[in-house]
Amino acid sequence: MSAGPTSGVHKTAPAGQQKKRPATRKSADGAGAPAAGRSSATTLAERRLARLGLHEPADFIVHLPLRYEDETRIVPIASVVPGVAAQIEGEVIRSEVEFRPRRQLHALVQDENGDQLALRWLHFYPSQQKQLAVGNRVRVRGEVRSGFGGCEMVHPKVSAGGRPLATALTPVYSTTDGLSQISLRKAIDTALERADLSDTLPQDVCSQYGLIPFRQAIRVLHHPPADVSCADLAEREHPAWLRIKFDELLAQQLSLAAARAARRRQQARPLANVEHVLLQRLRASLPFTLTAAQARVIDEISADLSRSFPMHRLLQGDVGSGKTIVAAFAAAQAIASGSQAAIMAPTEILAEQHFSKLSAWLQPLGVNVAWLAGSLAGKARKATMTAAKSGQAQLVVGTQALIQDKVEFSSLGLVILDEQHRFGVGQRLQLNRKGEENTGRQAYIPHQLNMSATPIPRTLAMTFFADLDVSVIDELPPGRSPVLTKLIADSRRPEVLASVAAEVRQGRQAYWVCPLVEESEALQLQTAVDTHERLAAALPDVRIGLIHGKLPANEKQAVMKRFRDGDTDVLVATTVIEVGVDVSNASLMIIEHAERFGLAQLHQLRGRVGRGSQESICVLMYQAPLSMIARQRLRAMYETTDGFEIARRDLEQRGPGEFLGVRQSGQELLRFASLETDARLVAQAREAAATLRDHYPEHAQAHLQRWMRGRQDFLRS
Ligand code: ADP
Ligand code: MG
């Protein structure tokens, strides 16, 4: 997540130290069952609870039920409905073990109205048989299904009849192996007794947003009264849920605002030399005129760079919108101000392409551009390292290799991450540290520019990215015509081959993207090799290249160079070409088994064409039959080329994880609220966060304490 790279992480207490705090607090409040501290979870039960993240009472109270069982009422057997859980009570009038089709226990229960319901067990204990002896009065709970002779319950829960009914719904919690619902319920109830349930919101904030007290919300959610609306609970629309979701979102807003404030207290080198001749000459030397959007974002970035606290900006622009030149201007400003700049790309192909573009733009103006990637070895590697350390290299372009510990800079003022969502949080942090250096007593943090073609939907921008300023290039360079997208069934492959041949005859180039084989890299490679062979056989007059992730770096470069130079016509590729690759003469993109790719990925792939002035086509080949989801995805691709719209649909289909790179960070972001359905709450929480900061700082503190405990990722971001 982008909140991560905000520097300053290194300034907070080391993780170990932070982690100890709850443990100490725990030992102070005694050794109660649910209060086991992180390091002192000794009993088996405590260890199991700890596995659920339950250490202190404060953790237990927000371990909210997944669902509820209604044991508050008994329904007449006549009114049970298949597919719905019910609780009935009656007398066992038949009970026998049958052996056909297999050994099973059958019982028949009859209620006061004389209606009967069949019960069935495929596995059972003698004790259950005893409980179901004819004449016993039993209470039975389970899901009703329609069986052979009417309704039945399979493996229902049975207890003695005649006892008083529950007065609240029975919570069902997510649990872990070896921890029963009953023990977990007990532990949570104990915690509810001792936890601090006081309100962290001032009364007027509660009234303004119609929020019920925290204590009430927590109690209702753990033990909903019998008359509660089950639908509201299930949909998380009950006032108790609204309060909890609001609190969670508010905590998030508060912590991001705190992170923002912390960033402003950090020191960065001001890179203010905007009148420098280097910038003027760069502008004059471009073979094209900047679009208005590019000029605007260059100014926004330039203003940030001249400040003495670190920039933390996301440059968002759809594929092909021209982000690289914007990066070049930012780098030039850093260099003009006497600092170094670094640009990092997620793949070597892309980094290499940046290196050649940036060198072409900047080297003639006297800038020393150095290259560093994993494949660079021996003398060349050493030379780059030395040049970076001495400051002779003014711009270093590379891959992840740039963040290796051994690479040192003399004065790194600006770090640019292209396709930032491809990098893990840890990697981004590491790069940030590169610029940290001690000049006297002052530690400088480099300015940071993240670039991405994956647009962040509005709700996300308002939440996770609150400490990120966003610049948007909302305009494509002139003369581009939108890519025409065609959906073609795999069975029409000959037509597709013919269109590739026709395109090549006109002097254009094409990409042929191999089917994705997620399960196995070896298989993926094999597929690429096979595809290349089949195409070469089908199109003997066409020059066909092959690129995939397993090629050695220098071969990859050579393949890309041949394609860029027009020495190959068709490039068979795996998704290694997914991001950033820019060859404007390529006007046809074929994606095999398009149904296997995600929306964002398809959009990126399609973005490889339509970069020149000629009409471009993207063919999505699919294998019928399509799943619902795949059908929706392909339809979305067909219906729009707008990256924002695609991102919106992607968010709908997949949830926010993809945008945030949380898969990598492993951090669960929101437990209760949902960015898709709670947009209104997000807006309210944002507003309330400002109110709390301005008027109720102590409440804000208490609120963060309650919600962000143990989640240092948030606190430190
Ligand atoms: P992306 O935003 O996808 O990274 P690039 O920076 O790769 O886009 O730019 C795409 C192509 O458009 C490149 O060939 C680049 O040189 C060209 N380009 C960038 N800006 C302009 C412009 N203002 N006018 C014309 N072409 C441009
Ligand atoms: Mg790019």
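Two helices count as oblique when the angle between them falls outside three ranges: under 35 degrees is roughly parallel, over 145 roughly antiparallel, and 65 to 115 roughly perpendicular. The structure shown above is a predicted model, and its helix pairs can be read with these ranges in mind.

Start with helix H9, which covers residues 239-264, and helix H25, which covers residues 679-695. Their axes come within 8 Å and cross at roughly 55°. That angle lies in none of the three named ranges, and H9 and H25 are therefore oblique to each other. The crossing of H9 with H25 is right-handed. On the H9 side, the contact is made by Leu242, Lys245, Phe246, Leu249, Leu250, Gln253, Leu254 and Ala257. The residues they meet in H25 are Leu681, Val682, Gln684, Ala685, Arg686, Ala688, Ala689, Leu692 and Arg693. Sorted by class, the residues of this contact are 12 nonpolar, 2 polar and 3 charged.

One residue of this contact can be followed further. Leu242 belongs to helix H9. Leaving aside residues up to four places away in sequence, Leu242 touches Leu211, Arg236, Glu237 and Leu681. Leu242 also shows how the fold brings distant parts of the sequence together: 436 residues separate Leu242 from Asp678 along the chain, while their C-alpha atoms are 9.2 Å apart in space.

A second pair is formed by helix H10 (residues 277-285) and helix H12 (residues 323-336), which pack at an angle of about 155° with their axes 8 Å apart. H10 is therefore roughly antiparallel to H12. The crossing of H10 and H12 is right-handed. H10 contributes Leu278, Leu279, Leu282 and Arg283 to the contact, and H12 contributes Ala328, Phe329, Ala332, Gln333, Ile335 and Ala336. The contact of H10 with H12 has 8 nonpolar, 1 polar and 1 charged residues.

The next stop is ligand 1. There are 17 residues around ligand 1, and those that come nearest are Gly320, Lys323, Thr324, Arg480 and Asp582. A backbone N or O atom of Gly320 is 2.6 Å from an oxygen atom of the ligand. Ser321 has a polar backbone atom 3.4 Å from an oxygen atom of ligand 1. In Lys357 a polar side-chain atom takes part, lying 3.4 Å from an oxygen atom of ligand 1.

A third helix pair consists of H20 (residues 599-606) and H21, whose axes come within 10 Å and cross at roughly 35°. The crossing of H20 and H21 is right-handed. Leu599, Leu602, His603 and Arg606 of H20 meet Arg633, Leu634, Ala636 and Met637 of H21. By class, the contact of H20 with H21 has 5 nonpolar, 1 polar and 2 charged residues.

Two details of the backbone remain. Pro625 sits in the loop between strand E23 (617-622) and helix H21 (628-639). The peptide bond from Ala624 to Pro625 is cis, with omega near -5°. The other detail concerns His155, in the loop between strand E6 (150-154) and strand E7 (157-160). His155 is not a glycine, yet has a positive phi of about 50°.

How values were computed. Residues numbered from 1 in each chain as written. Chains lettered and ligands numbered in written order. Predicted model: local features only at pLDDT ≥ 70, side-chain atom pairs only at ≥ 80, totals over all residues. Heavy atoms only, no water. Axes fitted to C-alpha atoms, helices over the stretch in contact; angles between N-to-C directions. Helix = DSSP H or I, 4+ residues; strand = E, 2+ residues; numbered from the N terminus. Left-handed = near helix turned anticlockwise from the far one by under 90°. Contact = heavy atoms within 4.5 Å. Nonpolar A, V, L, I, M, F, W, Y, C, P; charged D, E, K, R; others polar. Near = heavy atom within 4 Å. Polar contact = N/O pair within 3.5 Å; in protein donor to acceptor, adjacent residues only side chain to side chain.
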